[in-house]
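Student: Could you take me through one part of this structure slowly? I would like a close look at a single strand and what sits around it.

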Amino acid sequence: MPTTGSYLHWIKVSHAVPQIGFFASIGLVLINPLTVYIVWNDKKLQLGPYRYLLLYFAIFNITTSVADMLVPMCVLNYRYAFSVFVSEGYFDQYSEFNQFFLAFRCSLISGAYAVLHAHFLYRFFVLFNNQFLARWFMPYGIILAVLYCLFHIVYWTIFCWFYTGGDFDRRVYIRDSMLEHHGVDVMNMTIIIAQYFEGTPQAMNKSRIGIGSLSVLSIISLVFIFHFGYKICHKLSSQSLEMSEKTKKLQTQLMKALVVQAAIPTCVSFAPCLFAWYQPVFGLDLGRWIQHAAGIAVATFPALDPLALIFFVPTFRKKFAEYFLFLKSCRTNRTTCSQQTTTSTSQSRID
């Protein structure tokens, strides 16, 4: 039987989780606009139409960051039920609109894969059919990429909202656990719940359909990335590639960055989601730290994506360094001017 001290401990931890995600989102909001600026203005990169996909990715990450700040999420697993809920803020109290907005926030996880699919396809066509890309990418390719992302978002939103919505029976099932670990009444919360067993037939069937459908699209997304990633890497390493050394080097750098950008949401977003979804199927209790880690990981992964470009593409790395050195120089000059003003004022008073 948990003690009052253990209740208070987990309540404090659960309140800290969204704060960590919030500060990660702030970092994302600071980094991605700078990425947008570099991509749009730097002429040395010679990115061509690919700059529009990079801008698209950066804007999507900013959107995700804003959603994280508005809808900080936490995860709670209890026996045979998985739940994700809004921990604080303007959308934490139950309403149909807030339920829908939480489902929309969850859908951005799949939206990130849709954006990555567009990047992988672009890199694929650059190597295998560049003429087709040059003819059709602008504007049809970028419009199709946006519509494809919207399909992922709508698909996830529907299944999260309609099939795993927190109805009365599912809320009652996890009510005591929520009160124990988070100190709040689940009946008044914005929450999504999937219950696999020990529930009403309707709740269990809808939960299984919802999580199963989300899993299918997620697995297809991963297979897509592995398939095209393998073909691109194989082509770049082949001797038959007709491309200048400079262009080939840039393509290799961008591909390395893209692989890391695909690995980041897979490791820190999709994997924790999949684990959190299916842990309750077996009634496992592996500790609260795993559920807290899942909530933090989902909030932080967009902030890590621009770091891949900075690390693998020297031009990006140089531009970021120049920007931060410029900020440091401005701060130093401001401090020097302030000191000189103070010294002049003091000298005038002495005279």
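**A close look at strand β2**

Tutor: Happy to! Keep in mind that this is a predicted model. Let's begin with the pairing of β2 and strand β3, which covers residues 191–195: the two run in the antiparallel sense and are joined over five bridges. To find this pairing in the picture, look for Phe85, which stands opposite Ile191 in β3.

Now turn to another partner of β2. Strand β1, residues 73–78, also pairs with β2 in the antiparallel sense, here over six bridges. One pair to look for is Leu76 and its bridge partner in β2, Ser83. Between β1 and β2 the chain makes a hairpin with two residues between the strands, and there Arg79 takes a positive phi near 50 degrees.

How buried is β2 itself? The strand spans residues 81–86, and six of its six residues are buried, so to speak of it as mostly covered is fair, given that buried means under 20% relative accessible area. Both of its faces are covered. On one side you will find Ala81, Ser83 and Phe85, and on the other Phe82, Val84 and Val86, all of them buried. Notice that two residues you have already met belong to the one side: Ser83, the bridge partner of Leu76, and Phe85, which stands opposite Ile191.

So when you rotate the model, try following β2 from Ala81 to Val86, a strand with both faces covered, and pick out its antiparallel pairing with β1 and its antiparallel pairing with β3.

Terms used:
Residues are numbered from 1 along each chain as its sequence is written. This is a predicted model: local features need pLDDT of at least 70, side-chain atom pairs count only at pLDDT 80 or more; totals for chains, interfaces and linings use all residues. Side-chain values use heavy atoms; hydrogens and water are left out. Buried means under 20% relative accessible area, exposed over 50%, partly exposed in between (1.4 Å probe, protein chains only). Helices (H or I, at least four residues) and strands (E, at least two) are DSSP runs, numbered from the N terminus. Two strands pair if DSSP finds at least two bridges between them.
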